[in-house]
Amino acid sequence: SDWSSDVCSSDLQAALAALRAVNTGSVDLPTALSQHRDRLKDARDRALTGEIVTGTLRWRAALDHVIAHISGRPLSDINPEIVDILRLSLYQILYLTRVPASAVVDDAVNLAREVERPSATGFVNAVLRSTLRQRNRLPLPTPPTTPTDHAAALAYLSITLSHPAWLVERWLARVGFDATERWLRFNNSTPSPTLRAN
């Protein structure tokens, strides 16, 4: 995509629309992607949009934790559209390499302006730039230092590795910390393309 100083890239607009549709409960993920991604002409933009939306949902717990910590506000105090803009922008900054970080920040600010939240542009810019500065020391829970620290294990596995706490609790009880951590990492990895002869 080609970025300018005042126009947001079409793939990010489509990603935000799809993410908003899922997060408001109006449609499921496949339907949201079909409705918004398929309008893009370039196959690369469609692929990037799909990766941004699915990745943002996959890593939502970690992204939300970073947003709340860096902004100093609970997410409930931030406009939901701005939260989604921050989520999908942070996902690109922290987990993808295709789009330069400066372009991600510019797009996020322009998106905030486009959704008629111009007062939030400074906030979005500040949160993203602060995250960039802290990129190598993110405020996320770390693995427990002792095997018996259940609270630390639960925080690390459910927030840093972004899985529902109830599911983490179940797996911890059944298979222990090491196996649960391996499974969560596998579960959040992007599957490799597979071809099958029909």
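## Tour of the salt bridges and a helix crossing

At 16% relative accessibility, D64 counts as buried. Select D64 first, and keep in mind that this is a predicted model.

**Stop 1: within helix α4.** Add R60 to the selection. R60 and D64 form a salt bridge, with their closest N and O atoms 3.5 Å apart. Both residues belong to helix α4 (residues 60-71). They are four residues apart, about one turn of the helix. Now check the surroundings of R60. Its relative accessibility is 33%, so R60 counts as partly exposed, while D64 is buried.

**Stop 2: from α1 to α5.** Select R20 and D84. Here the closest N and O atoms of the salt bridge are 2.6 Å apart. This pair links distant parts of the chain. R20 is in helix α1 (residues 10-23) and D84 is in helix α5 (residues 80-95). The two are 64 residues apart. Are R20 and D84 buried or exposed? Both are buried.

**Stop 3: within helix α9.** Move to E181 and R185. Both lie in helix α9, again about one turn apart at four residues. Their salt bridge brings the closest N and O atoms to 3.6 Å. E181 has 17% relative accessibility and therefore counts as buried. R185 is partly exposed, at 47% relative accessible area.

**Stop 4: the network.** Now select R20, R60, D64, D84 and R87 together. Salt bridges with shared partners join these five residues into one network. The pairs from the first two stops, R60 with D64 and R20 with D84, can be picked out here. How many salt bridges does a search of the whole structure find? The count is six.

**Stop 5: α8 against α9.** Show helix α8 (residues 150-160) and helix α9 (residues 165-187). Their axes come within 10 Å and cross at roughly 70 degrees. That crossing angle is why α8 counts as roughly perpendicular to α9.

Next, colour the contact residues:

- From α8: H150, A153, L154, Y156, L157 and S158.
- From α9: A165, V168, E169, L172, F177, T180, E181, L184 and R185.

Colour by class as well. The α8 contact with α9 has nine nonpolar residues, three polar and three charged.

Finish on E181 and R185. Both are among the α9 residues that make the contact with α8, and they form a salt bridge with each other.

How values were computed:
Residues are numbered from 1 along each chain as its sequence is written. This is a predicted model: local features need pLDDT of at least 70, side-chain atom pairs count only at pLDDT 80 or more; totals for chains, interfaces and linings use all residues. Side-chain values use heavy atoms; hydrogens and water are left out. Axes are lines fitted to C-alpha atoms, for helices over the stretch in contact, and angles run from 0 to 180 degrees between N-to-C directions. Angles under 35 degrees count as roughly parallel, over 145 as roughly antiparallel, 65 to 115 as roughly perpendicular and the rest as oblique. Contact means heavy atoms within 4.5 Å. Ala, Val, Leu, Ile, Met, Phe, Trp, Tyr, Cys and Pro count as nonpolar, Asp, Glu, Lys and Arg as charged, and the others, Gly among them, as polar. A salt bridge is a side-chain nitrogen of Lys or Arg within 4 Å of a carboxyl oxygen of Asp or Glu. Buried means under 20% relative accessible area, exposed over 50%, partly exposed in between (1.4 Å probe, protein chains only).
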